[in-house]
Amino acid sequence: MQGRIIRVSGLQCLVEVERSHWQCELRGRLKAGCRKTSSPVVAGDWVDVVPTAERTGVIEAVHPRSSKFSRGASGTRPFEQILFVNMEQLVIVVAACQPRPRHGFIDRAIVMAIKGNLQPVVCINKVDLVSHQAVGILTAPYEDLGYPIYRTSAVQGDGMGEFKEALINRSTAVVGQSGVGKSTLLNGIEPGLGLKTKEIMKRHDRGRHTTTTVHLFKLQEGGYVADTPGVKELRLWGVKPAELAAYYPELEPLLGQCQFGDCSHLHEPSCAVREAVADGRIASARYEGYRRIFASLSSDA
Ligand SMILES: Nc1nc2c(ncn2[C@@H]2O[C@H](COP(=O)(O)OP(=O)(O)OP(=O)(O)O)[C@@H](O)[C@H]2O)c(=O)[nH]1
Ligand SMILES: [Mg+2]
Ligand SMILES: [Zn+2]
């Protein structure tokens with residue numbers, strides 16, 4: 001039988017098999033080589049399941065993945081932490097305020113989306129809390145990249161119709177810092193989900209995120225959405241400093257035009273990228289982000 005991993009907790013998986021949810025374990029040989037910290041299957045995986053009892057089974061094989069979203073797990077020994085796989089779109093959610101929006105988060109998420117073969121989508125939520133102008137300032141660096149941008153208020157409904165339309169019949173994951181409103185957005189497009197949400201002030205009581213595991217849901221009108229726990233720090237994984245520019249679509253036409261073939265676009269003379277920033281063809285906020293991420297990748301290595 002074929003199924004799709006809905007949620008993983010430890011070595012137990014919830015698998016959707018023929019429209020019902022089964023509790024499944026991993027076949028022994030799949031567990032071999034699996035580190036304590038990372039699982040050989042993650043939410044979104046398509047798997048082969050052999051039934052063992054009523055709605056229980058053993059996962060025998062994992063199908064090849066069409067996309068993945070990963071980050072460098074924090075800790076002394078970095079490793080790749082795959083958050084979910086086989087999704088088509090990555091909705092990068094930031095709040096217009098509360099918590100304060102961070103361009104760095106959006107930029108890093110776009111890099112990992114492109115790397116993992118996901119279509120990036122930007123969603124500015126909580127637009128009810130700020131002026132139109134403030135939202136415009138936030139979205140400006142992303143307007144010309146060609147990625148869809150949604151401006152929503154999950155509590156007041158602004159922009160929710162369009163946002164919902166973008167998710168029907170697709171596989172979509174939402175990512176963002178804790179408290180930006182990921183679960184509230186998903187509840188807004190499908191009230192039946194009943195995902196837990198929490199006020200920001202109350203969330204610090206135990207230092208816990210409201211959503212704690214990646215969880216896939218099927219939309220009534222077709223498609224899957226994945227709610228994910230808040231990400232505090234999105235450390236890039238598998239990107240070398242010299243490769244970073246290739247994950248900036250607006251830099252692509254300029255690459256190869258710098259004086260030096262291995263230009264880092266940070267300080268070299270006759271750099272086509274820096275010239276484009278100076279005369280406004282490249283958003284300076286994006287370029288400043290590039291510099292910061294480049295520096296963080298160099299210190300990781
Ligand atoms: N004003 C306003 N508040 C919102 C909006 N969307 C969500 N909130 C509030 O923001 C708080 C956090 O929302 P959640 O949906 O729990 O945030 P989350 O991103 O899922 O957080 P984690 O699960 O911890 O990652 C809740 O109090 C929501 O009611 C919005 O559009 N406007
Ligand atoms: Mg949540
Ligand atoms: Zn250059």
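1. Which strands does α5 lie across, and at about what angle does α5 run to β13? The helix lies across β8 (89-95), β9 (119-125), β11 and β13. To β13, α5 runs at about 155°. The model under review is a predicted one, and the points below should be read with that in mind.

2. Overall make-up. The protein chain contains eight helices and 13 strands. Its C-alpha trace spans about 70 × 45 × 40 Å along the principal axes. For 301 residues, a compact globule would have a radius of gyration near 19 Å, and the chain, at 20 Å, agrees with that value.

3. Domains. The assignment divides the protein chain into domain 1 (2-62), domain 2 (68-227) and domain 3 (241-300). Between the centres of domain 2 and domain 3, taken over C-alpha atoms, the separation is 27 Å. Contact between these two involves 12 residues of domain 2 and nine residues of domain 3. The side of domain 2 that touches domain 3 is made up of five nonpolar, three polar and four charged residues.

4. The barrel. Five strands form a closed barrel in the order β1-β2-β3-β5-β4, and the pairing is mixed. From one strand to the next, the twist averages 50°. Within the barrel, strand β2 (residues 12-17) and strand β3 (residues 20-26) run antiparallel and are joined by six bridges. One pairing that can be checked by eye is C13, whose bridge partner in β3 is C24.

5. The turn at E18. This residue lies in the loop between β2 and β3. E18 has a phi near 45°, which is a positive value in a residue other than glycine. A reader inspecting the backbone of that loop will want to look at E18.

6. The open sheet. Six strands, in the order β10-β9-β8-β11-β13-β12, make an open sheet with mixed pairing. Its edge strands are β10 (149-151) and β12 (215-218), each of which pairs on one side only. Here the twist averages 25° from one strand to the next.

7. The two neighbours of β13. Strand β11 (residues 171-175) pairs with strand β13 (residues 224-227) in the parallel sense, over three bridges. In that pairing, S171 has Y224 of β13 as its bridge partner. On the other side, β12 and β13 pair in the antiparallel sense over four bridges, and F217 has V225 of β13 as its bridge partner. The hairpin of β12 and β13 has five residues between the strands. In this hairpin, G222 takes a positive phi near 110°.

8. A cis peptide. Which two residues does a cis peptide bond join? They are Q98 and P99, and omega is about -5°. P99 sits in the loop between β8 and α2 (103-115). β8 is also one of the strands that α5 lies across.

9. The ligand site. There are 24 residues around ligand 1, and those that come nearest are G181, S183, T197, T211 and G230. By class, six residues of this shell are nonpolar, 13 are polar and five are charged. Which helix gives the most to the shell? Helix α5 (residues 182-189) does, with three residues. This is the helix of point 1, the one lying across β8, β9, β11 and β13.

How values were computed
Residues numbered from 1 in each chain as written. Chains lettered and ligands numbered in written order. Predicted model: local features only at pLDDT ≥ 70, side-chain atom pairs only at ≥ 80, totals over all residues. Near = placed C-beta within 6 Å. Nonpolar A, V, L, I, M, F, W, Y, C, P; charged D, E, K, R; others polar. Domains from an automatic or database assignment. Contact = placed C-beta atoms within 7 Å. Pairing = 2+ DSSP bridges. Axes fitted to C-alpha atoms, helices over the stretch in contact; angles between N-to-C directions. Rg over C-alpha atoms; globule rule 2.2 N^0.38 Å.
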